[in-house]
Amino acid sequence: MKRIYVNEKWCLGCHLCEYYCAFANSGKDSMVKALKNVTINPRIRIEERGGISFAVSCRHCEEPLCTKSCITGALSVNDGVIQIDKDKCVGCYTCILTCPYGAIVPSETGAIQKCELCMNNSSGTPACVAGCPNKAIVFEEK
Amino acid sequence: MAIDFLYPEYEIKRDRDKCICCRVCERQCANEAHWYDAELEMMMCDSAKCVNCHRCVSLCPTRALKIVKTDHTFKENANWTGEHIAEIYRQAGTGGVLLSSMGNPKKYPIYWDKMLINASQVTNPPIDPLREPMETKVFLGAKPGKVEFNSKGEIKNNLPPQLKLEVPIMFSAMSYGSISYNAHESLARAAKELGTFYNTGEGGLHEDFYKYGANTIVQVASGRFGVHKDYLNAGAAIEIKMGQGAKPGIGGHLPGIKVREDISRTRMIPEGSDAISPAPHHDIYSIEDLRQLVYSLKEASDYKKPVIVKIAAVHNVAAIASGIARGGADIIAIDGYRGGTGAAPTRIRDNVGIPIELALAAVDQRLREEGIRNNVSIVVGGSIRSSADVVKAIALGADAVYIATSALMALGCHLCRSCQKGNCNWGIATQRPELVRRLNPDIGYKRLVNLVTAWNHEIKEIMGGMGINSIESLRGNRLMLRGIGLTEKELSILGIKHAGE
Amino acid sequence: MLKEGQVRIPSGCAISGVISKSGKKINGEIIVKSIATMHDRSNGLGGGFAGYGIYPQYKDLYAFHVFYDGNQAREECERFLDRHFDIINLSKIPVRPSSKITAEPLIWRYFVNPLPTKLTDSHLDEKEFVSRSVIRINSQIDGAYVFSCGKNMGVFKAVGYPEDVGDYFRLEEYDGYAWTAHGRYPTNTPGWWGGAHPFAMLDYSIVHNGEISSYDANRRDIEMYGYKCTLQTDTEVITYIIDYLLRKQRLSLSDAASVIAAPFWSTIENMPKAQKDKLTYLRSAFPGLLITGPFSIILGFEGGLMALNDRLKLRSMVIGEKDDMVYMASEECAIRIIEPELDKLWSPRGGEPVIVTLDSYKSSK
Amino acid sequence: MSKYVIIGNSAAAIGCVEGIRQVDQKGEITLIASEPHHTYSRPLISYLLYGKTDEQRMKYRPNDFYKKNKVTKRLGETVTEIDKKQKTVTLKSGEKIQYEKLLVATGSNPFVPPMEGLENVKNRFSFMTLDDAKALDKTLKKDTKALVVGAGLIGLKCVEGILDKVATVDVVDLADRILPSILDETGSDLVKKFLESKGVKFHLKDSVEKFEKDKVVLKSKKTVDFDVVVIAVGVRPNISLVKDIDGKCHRAIITNNKCETSIKDIYAAGDCTESADCATGDMKVMALLPNAYMQGETAGINMAGGTKLYENAIPMNAIGFFGYHMITAGDYVGQTYEALDGENYKKLFYKDNRLMGFIMIGDVMRAGIYTSLIKNKTDLTTIDFELIKEKPQLMAFSKKKRSEFLAK
């Protein structure tokens, strides 16, 4: 299955992935409209320290602890993509407790949010990958 | 702060309606021209620090940025231009030689743009490169004067060593040091994929790149940096650099700050020490000395590798080339005055040397008149900007071309001409690891391959139009060129007729 | 208007050739009949023939055919010839004046041998001595033009349709073992006789249909080896290339063909090693002599003919065989008219030389 | 064709169905449960009252789950005994159902200790099932005074569920702090203060002496008025079906890492079982939905002939009240690292270069990174512990490890 892979060697810490993610998931038709005067809450996050940086987002594990742990059934695996039914999610954060990558974060509504590979937004293909200027984030079959 | 009379040449224009304060401009500007003011909750900038490299412009996700030439101006004066005034201020402030990089940007004639290419009509057919084979493979090296036969009457292979190029385009010399590791890796990988060559420049060959040896030309320059027996034998050919188009008659200087661990090892000089290439090779004070070096290198490489001699295009280039052709070189590389550099004194870069078009025409004609054109191949560089330039160069008489500035642009270079500062925001002309990282060779090499592949397609199209299906038949085929807006003298040096003739 | 040599003139053409492998005599009428069939491929601005084996009585002498603009040129040329050659025989070439052939130059024929002293002094081999002398006459004596200089062969050419040229030169009076013919269709020409084809150098003669795109590359390359392309025609440069490859580099006919119409690299790549090595060598060693663009040529030489097309076969050419006779022509009709009952008829591939020699022929090597 | 029987219809049972179907698409699955409802998530009953979910969304799996997985459901029926020799289970109706592999996922029951006067309280409830919650909900009015006995996870989630619907909520617990099973004193105190700020009244180190009409008298002699009481002092695993046929049990049914009981072809999973805490090796009841699901899935895979081991279990919890979250995991032993910043509190427990447990309150971002350190028994000398102490982050791992995480 195609997954997002991150190679920290090429990460510039430019944080563009976060902004493209936030925009892609905003439902807005322009980045300015979506992100002007907004503190973004992206599904991909850069970790950086001492010249090293890399982006972290859902790894879409084959044995997803989050999905197995989800108390509501809001997290499910569809064609390998771990998706969240925000309507079902009650915000118990059991998934945050179990995700070994720390890739699941609360959304503004209290329900959790996570990378869904932009399958369900207007981007259609991972926006972070498209927006990465240095191929530090790639979307490929390995 | 003392007054320096220097004012920003460019202005950073930010569309505040579009700026979302993502700060990518701030994070990506090595010149620190942008910053975020938390109090004002706004991005701020200092245009004086901007070198107009467009890194911020290209990465700004909302297209909120542009860089414009400032309209701030000195009082109009056709003689004392703003550039002259600013340079005087600069030198009055520093007492130093002005430094610049990349090629001569001045308004001298560009002869490529004054030559037009022929096409077939009626009496002979154009050839469609999509239907028929169209050959751009080139062999560089001396050709045998006389075919020899063995006792059975079969042809003996007395061909001197040749470089086989799948495309008539090579990447010219850029040292590791002047450009980054990732830039070198991109060039090396691209050369391999394209079936052509890149050139180490005078900085030696990094141990990681020996594996690309079959597609590498190793250079021996006046500083002899990184030159040893294994190095000489690592590449497919050896190039002696006598001169460089951007700075004929001038040596090189890589500041110690750029001589970091890797470069120090590759160049075989102490870390942090300045790498100074002298103006002359101190063992070459005339042509006969050059001949000795040519043969020394041939000895060292067992006569298995062609030796290239690279010279800058200067006034008597034809005579120099003739001497070199008779001095044992297999290939002569001529670098025109628009050729790039990582750093050169501005006055030299902008005022010394001659256009490559004229140099090439003169050299090719001279060698033919002397009947020694086939003793050497001719490679020209120094601002080959497009496939049309390549076609014109070959029609004038080149066997192949060297590209460097075009290659760097494929890698992201925006020709801001600030290489000498070492803060290249595109990860090309820098050794700062956090900047070098910005050039991912996976992307870079592919862009180089794309560029050369695209050019090669275009070359084939143009050749097909002329009814030529092999690049050999284009070489020196000056009937395929016509001048436009050129004087009789220029036409005669170029050896072409005027359009309409 | 500028004439050949002062300007490059593209042209389309018809060619034809015939040879008897057993060396049977073929009358000149035959080749005239053949080329006449392709009347429409010419436009009256040039026609010519080369006959081999036509001077058996002088077969060891160089036969110079010379156009003169006037007697002054002739006298100057003859003085030159006197100084360098032993002239065994000289005469006007017999012609049959006709309204169809105009602007006649003086046309003279000399059977000569290099003066032994001059030859020795020159430190050149005999053929080189002859060829240099011819180049010298053509480039230095204004109004004199040697258009044929081989042994036991001769070129006959003029401005006009080829059948009229044949009639003019009374070709029915010549018999040879091989003939070539040319009908020209230049897009513009002042109608200078020297510009007509065949073009010859020593015993090599070329008739050519095509317009090569590599012309200037070839010209500038071959001129490095002592040739001077005064006519700026394809035929001239091709002749010099062939002379250079065969006589100076001593390549075989087929190897020379592999230089001129080299196989594509992709084809060479897939050849057996020995062949691949040889062809790689030939292409690498003589890149400037590769000829691109359309051409079909018939090379005449002492002892045979070679037909060759460009490697893409951008010009028509067919070969026919009947008993010991081989026919080569731009069009099949030009063969059928002189031999309706062929044993074999085929179209050679681009770049594939068709070499036909006398049964008695032995390669000079 | 194999015959699988599953007793239960919650996370462990569903995990078992999904486990079986990973291996065996055809075998017959019969699922028997006392509750008549489509499978639902028990922990959601407090959210139901709180209004964050509804009965439809509470469904643990979509409506077509049984059909899609070809499960014969026998809901509203109770298994009364297992015949391990005949390999049958007997329903209350007397019907016997044959099994080849059996899963016991009977969960637990609320434990209600004897309390004087309780039997006379009309509005008394447990807080375990959907029916419990619905019944409780019906009695609640704006002026209701609610009393919750038990300040553990169930009690306090119930408090969260009803607080906004009633006039007052009083919580009584014998312990000296709330959520004693998962929080330390500092943590308990923080949460208690937070809940108090929302209007909850706590009566700690106290217990019910007796219920009277409309009020309860505590051991401390305090009296608290109430209209409705919820008893949430604890649960007892439902182990009788297994215990009755001599299956090995302590507090709960003992299972091995394949989720097998001591009886052949009988598996058990979920709150009715004890399994090994991977961090300590101790057998524990780790009653938490994720554990139940994973046990069930493990059992299912093994029942269907596959191989899967359940070995990464640790005690853990994610819970929150009114948006104030806490995540805890592991065992609270060894040295500690504490950081308190306003409402955010973090405490790490580590011993022998291993993270043993943690408490995070307030800011729980990326807690799973700590959880994985415990589960994977990561040697803390191989990571930058000082860095990860500050904040869970992958940066603390070696470059190689990071690459394994993100680039492979």
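**Exercise 1. Place Glu116(D) in its chain: where is it found, is it buried or exposed, and which residues does it touch?**

*Solution.*
- Start with the secondary structure. Glu116(D) sits in the loop that runs between β8 (108-110) and β9 (124-125) of chain D. Keep in mind that we're working with a predicted model here.
- Next, count neighbours. Glu116(D) has 12 C-beta neighbours inside 10 Å, and a residue with 12 or fewer is exposed, so Glu116(D) counts as exposed.
- Now look for contacts, skipping residues up to four places away in sequence. That leaves Glu209(D), Lys210(D) and Phe211(D) as the residues that Glu116(D) touches.
- Finally, check a residue much further along the chain. Val216(D) is 100 residues away from Glu116(D) in sequence, yet their C-alpha atoms are separated by 9.9 Å.

**Exercise 2. Which domains make up chain D, and how many residues of domain 1 of chain D are in contact with domain 2 of chain D?**

*Solution.*
- Split the chain up. Domain 1 of chain D takes in 3-109 + 236-303, domain 2 covers 118-233 and domain 3 covers 325-406.
- Take the distance between domains 1 and 2 of chain D: their C-alpha centres lie 30 Å apart.
- Then go to the contacts. Nine residues of domain 1 of chain D meet twelve residues of domain 2 of chain D.
- Sort the domain 1 side by class, and you get five nonpolar, two polar and two charged residues.
- How confident is the predictor in chain D? The mean pLDDT of chain D is 94, with 100% of its residues at 70 or more.

**Exercise 3. Work out which chains touch: what do the pairs B and C, A and D, B and D, and C and D look like?**

*Solution.*
- Begin with B and C. Here 37 residues of chain B are in contact with 33 residues of chain C. The chain B side of this pairing is made of 13 nonpolar, 14 polar and ten charged residues.
- Move on to A and D, where 29 residues of chain A contact 37 residues of chain D. On the chain A side, β1 (2-6), β2 (45-49), β3 (52-56), α3 (65-69) and α4 (94-98) each supply at least two residues. The top contributor is α4(A), with four residues. By class, this side of chain A has 15 nonpolar, eight polar and six charged residues.
- Try B and D: these chains do not touch, and their nearest C-alpha atoms are 15 Å apart.
- Last, C and D. No contact joins them, and their closest C-alpha atoms lie 41 Å apart.
- For the complex, the predictor gives an ipTM of 0.87 and a pTM of 0.90.

**Exercise 4. Describe chain B and chain C, and say why chain B is as compact as a globular protein of its length.**

*Solution.*
- Count the elements. Chain B has 15 helices and 21 strands.
- Apply the globule rule to chain B. For 501 residues the rule gives 23 Å, and the radius of gyration of chain B is 24 Å, close to that value, so chain B is as compact as a globular protein of that length.
- Chain C has eleven helices and 18 strands. A compact globule of 365 residues would have a radius of gyration near 21 Å, and the 19 Å of chain C agrees.
- Add the extents along the principal axes: about 90 × 60 × 45 Å for the C-alpha trace of chain B, and roughly 60 × 50 × 45 Å for chain C.
- Turn to burial. In chain B, 53% of the 501 residues are buried; in chain C, 57% of the 365 residues count as buried.
- Among contacts with a separation of 6 or more, residues 24 or more positions apart account for 68% in chain B and 76% in chain C.

**Exercise 5. Why is helix α6 (residues 215-222) of chain C largely enclosed, and what covers its buried residues?**

*Solution.*
- Check burial along the helix. Eight of the eight residues of α6(C) are buried, so the helix is largely enclosed by the rest of the structure.
- Look at who they are. Among the buried residues of α6(C) are Tyr215(C), Asp216(C), Arg219(C), Arg220(C) and Ile222(C).
- Find the cover. It includes α7 (234-248) of chain C and also α10 (356-369) of chain B.

**Exercise 6. In the largest nonpolar core, which residues touch the most other members?**

*Solution.*
- The core has 452 residues, and the two that touch the most other members are Ile334(B) and Leu103(D).
- By element, helix α14 (residues 441-466) of chain B gives the largest share, nine residues.
- Zoom in on Ile334(B). Leaving out residues up to four places away in sequence, its contacts include Ile311(B), Val317(B), Ile356(B), Leu360(B) and Val380(B).

Conventions: Residues numbered from 1 in each chain as written. Chains lettered and ligands numbered in written order. Predicted model: local features only at pLDDT ≥ 70, side-chain atom pairs only at ≥ 80, totals over all residues. Contact = placed C-beta atoms within 7 Å. Nonpolar A, V, L, I, M, F, W, Y, C, P; charged D, E, K, R; others polar. Core = buried A, V, L, I, M, F, W, Y, C linked by C-beta atoms within 7 Å. Buried ≥ 20, exposed ≤ 12 C-beta atoms within 10 Å, placed from the backbone. Domains from an automatic or database assignment. Rg over C-alpha atoms; globule rule 2.2 N^0.38 Å. pLDDT = per-residue confidence, 0-100.
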